[in-house]
Amino acid sequence: MAVEFDPVMPKAGVSGDFSRTRRRDRISAPAVADAGASFLFGGDPANLLISPEWPKLAIPMALAPLFLAMVDLSLPPLLPSAIIAIAALAVHFSTFAMKVERDRNLETGQRMALMGLVVAFPMFLFGSAIGLFGAVSGVAWFHCIAVVATMSLLATVVQSGRLVGVLAAQVSIWSGVTCVATHIGGYAALAIGLCIAFAAYLRQRRIDMVVREKAESDQRAQTRAQEILSDYEETGQGWFWETDRRGQLTYLSNRVAEVIGRRVEDLVGRPFSELFNLAEQSGEGERTLAFHLSARSGFSELAVRAAATDEERWWSITGRPTYDTFNNFTGFRGSGTDLTEKRRSQEHASRLAHFDSLTGLSNRFRMSQTLEKILLAPQVHHRACSVFLLDLDRFKQVNDTLGHPAGDALLKHVAQRLERVVGKMGRVGRLGGDEFQVILPGKIEREQLGHLAARVIESLSQPYSIDGSRVMIGASIGIAIAPDDGVTSEALIRNADLALYAAKDGGRGRHHFYAADLHSDAEERRKMEEDLRDAVTSGGLELYYQPVVQTATEKITGFEALLRWNHPEQGWISPSRFIPVAEDTGLIAQIGEWALRTACQDLARWPGNVRVAVNVSPLQFANPSLPLVVTNALASSQVAAERLELEITESVFLNDDEGTDQMFKALKSIGVRLALDDFGTGYSSLGYLKTAPFDKIKIDQSFVRGATQPGSRNGAIIASIVSLAEALGMETTAEGVETLDELDLVRMLGCSHVQGYIYERPLSAANAAARLSTGLMAIAQGPRSARAARQSMLRKITVEHGGHSYTAMIRNISQTGALLEGLWNVPPGTIFRVELGENHAVTATCRWSGDDRMGVEFSQPLRLDDAGRIAAVAARPTSVPGTDYDMIVPRKVG
């Protein structure tokens, strides 16, 4: 049986931070013997019943008579001596019996008989002979018993481990002695000895069976464990390794050797570190494999790169030091698994988390990280950077006309061009949709940034070839610079976004640097959005109505409903300012529904032959519930459907699909009239006129303006539109007619209806009803020909001439000239320098004068602001005591 040793505990002071395994001396497991074999053979690996030393017992047997004779000082008797001699010879010649047992395949019974012949029989003879010594020769029984005990002890020692041999020798020798004293007692002792021997055999057999079953169970468990580990290795799920105390491999799974292209035999005995490329060990700040091996500390799931040359492979290895029973370090033992696919998945997931899947550029998250890293740099001078925000112009049109796959392909081309232009100067990223970002680290002069932005715009504006189609887009760029425009990423991005909006508002296809006044514009827009929401909720919006006059009869046939907003603080706000806000915030749907209901309610109080036209925004048109809204408005006001005219712009055809056709059919099924508004200023295709059921085409006022001027082509355009409308059976309305010569021209060109200040300005609902009560006839009133729109005012200004300054007053002003008073009898042709406002001076020439008034012409036309006012005088000046300030709203409203 193997002897179990108690684990050797670590010595005091030895660190226990790492796990240990105890390695015991390796001994080969003995073969599992048959039940009862240990009773017969003991631990003899040859399984011999007779001990090889048994023949040597003949010598003490032969010397026993001499010993007794010497003790008794007499010659030994002949008979006992002869019997002892026979026993000694039998023992001596047991060598031949052992040879027979070893060389021949004897049955157990035969072997037992052979053992009885050379062990039991000689011992019985010896015991009997010693008993005769005591009984016949008169040798003291004490001496005889001592000889028998000695020989019994020697037999036990010689047959040690062979329980059956020991019992046979003991029972036989003592039975022989007993038989001399009493035959019955001797035979009884012999019988008792045999019974004891049989009982001992049965007991030992049971013990052997238990030991055998345990050994077989252990063997099965060990085999199962080995098979499981072998399967684990062979399937490639993992592998095992072991090193000696010098770090050299003593065991390695075949799978590892195959991966690195070497044989296991070549790797055993080599350093464990040769399996890996430790120069690329994963995990910054982690303890390396070399550290753990040198420190003899355990490690778990340490990622290392395999020393494979054909491909990149990564392993996760686990190991712990091993110690023998004396706490001596004997090496490392551990396992490993393949990390390659897991790392690839992690890298893929990381790429998805940091890069745009379509273009391969950095995504919003990675760009934000880059910007944060720059702005939080330890050194202040390293925190300088510039941010470009780019938005593609006309990209939606590509998606709508060519489809989203073409839009995706276009975005890839844009990304490539961006990276090519920016190069190594900075990082390019896609934030989503058609919005891109460029981060340029370091301090860069504004002039250089402007040149780079111009190159980007120029590159992105070049034609693209997408699926055989030639595509043209543009780009607008907003630029913010750190730390001038912000020291946090939120502030910098917000300011770049404001600059981008300014670039778009400036006409697109341009770049714009952030400026402080952009915040005030954004705040103004936010305030307008809040006020507009309040106006929608509280009923602060109004509808004004501008008459539409038939040119043939000069009678009012209807009105166009125009949205008006009288702000409680700012007064009348132009629709060109608040309508875009309503569209951006989604309020336009609510406003449009209110306008439809209100216009129908007002229409119900007018004569039955008068119509009303209501504008429908593209967002309203795209709403499937629009027909229901129109039906409800007509039903609640009890107005005939043909009296309602819906004005729709060409932009609804950008999404030319089945939904657009279905909407037209639904609206026509209600019975309302449809008018195409602002014709010729938007969508360029005329294909939609083949199917769109319009009743009227409205000619935009941009074609009417200047149509009477020499060399203008607007008249030809108007004539073409009228001819097209007549061919399609549609009416035409010329918008924005303000002078008599414009009225004569559009009447001559065949326009069926006219709308403009030449007949009437927009009227409130009450004034429109009062106007209709006077009849439908309309009288054209206005100037004979067009001139620049003028703004009346009373403002004190400074006029310089010949090194002298004079004070004058402006009575009215236009883009090209002004009426001044305060200077007497100024000769025509006199050139002045006129200070219109702070830091805004223009050169003007006197064209006429009378008394203290004169008309001047500016050398260059003045710029208009978004509201259509002269920008130089748009801000309200400080009131002049005793004067009245009046700024007239530009004529075109609605």
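This note goes through a buried serine, the aromatic pairs and the cavities of a predicted model.

1. Ser172 has its place in helix α7, which spans residues 163-181. With a relative accessible area of 7%, Ser172 is buried, since the cut-off for that class is under 20%.

2. The side chain of Ser172 takes part in polar contacts with backbone oxygens. A polar atom of this side chain lies 2.6 Å from the backbone oxygen of Ala168, and the side chain of Ser172 also reaches the backbone oxygen of Ala120, at 3.2 Å. When neighbours within four places in sequence are left aside, the residues in contact with Ser172 are Ala120, Met123, Phe124 and Leu167, so that Ala120 appears both in this list and as a polar partner through its backbone oxygen.

3. The structure holds 16 aromatic pairs. In one of them, Trp241 and Phe299, the ring centres are 6.3 Å apart and the planes stand at 5°, so the pair counts as stacked, the limit for that class being under 30 degrees. Because Trp241 belongs to strand β2 (residues 239-243) and Phe299 to strand β5 (residues 299-306), this pair ties together parts that are 58 residues apart in sequence.

4. Phe299 also pairs with Phe332: here the ring centres are 6.2 Å apart and the planes are at 35°, so this pair is described as tilted. The link again joins distant parts of the chain, with Phe299 in strand β5 and Phe332 in strand β7 (residues 329-338), 33 residues apart.

5. The rings just described belong to buried residues, with a relative accessibility of 1% for Trp241, 6% for Phe299 and 3% for Phe332. Ring pairs join these residues into a cluster that also includes Trp239, Phe272, Phe276, Trp315, Tyr323 and Phe329.

6. Turning to empty space, a search of the whole structure finds three cavities of 30 Å³ or more, and the largest cavity has a volume of about 80 Å³. Strands β16 (555-567), β18 (611-616), β19 (644-649) and β21 (696-699) each supply at least two residues of the lining of the largest cavity.

7. What is the make-up of the lining of the largest cavity, in nonpolar, polar and charged residues? The lining divides into four nonpolar, three polar and five charged residues. Among the residues that line the largest cavity are Arg611, Glu645, Glu647, Lys696 and Lys698, and the lining also includes Val548, Phe559, Val612 and Ala613, together with Thr557, Gly558 and Gln755.

Methods:
Residues numbered from 1 in each chain as written. Predicted model: local features only at pLDDT ≥ 70, side-chain atom pairs only at ≥ 80, totals over all residues. Heavy atoms only, no water. Helix = DSSP H or I, 4+ residues; strand = E, 2+ residues; numbered from the N terminus. Buried < 20%, exposed > 50% of the residue type's maximum accessible area, 1.4 Å probe, protein only. Polar contact = N/O pair within 3.5 Å; in protein donor to acceptor, adjacent residues only side chain to side chain. Contact = heavy atoms within 4.5 Å. 1 Å grid on protein atoms, 1.4 Å probe; cavity = no way out; pocket = protein on both sides within 12 Å on 5 of 7 lines; lining within 4 Å. Points joined across faces, edges and corners; volume = space filled by probe spheres on them. Nonpolar A, V, L, I, M, F, W, Y, C, P; charged D, E, K, R; others polar. Phe/Tyr/Trp six-rings, centres within 6.5 Å; stacked < 30°, edge-to-face > 60°.
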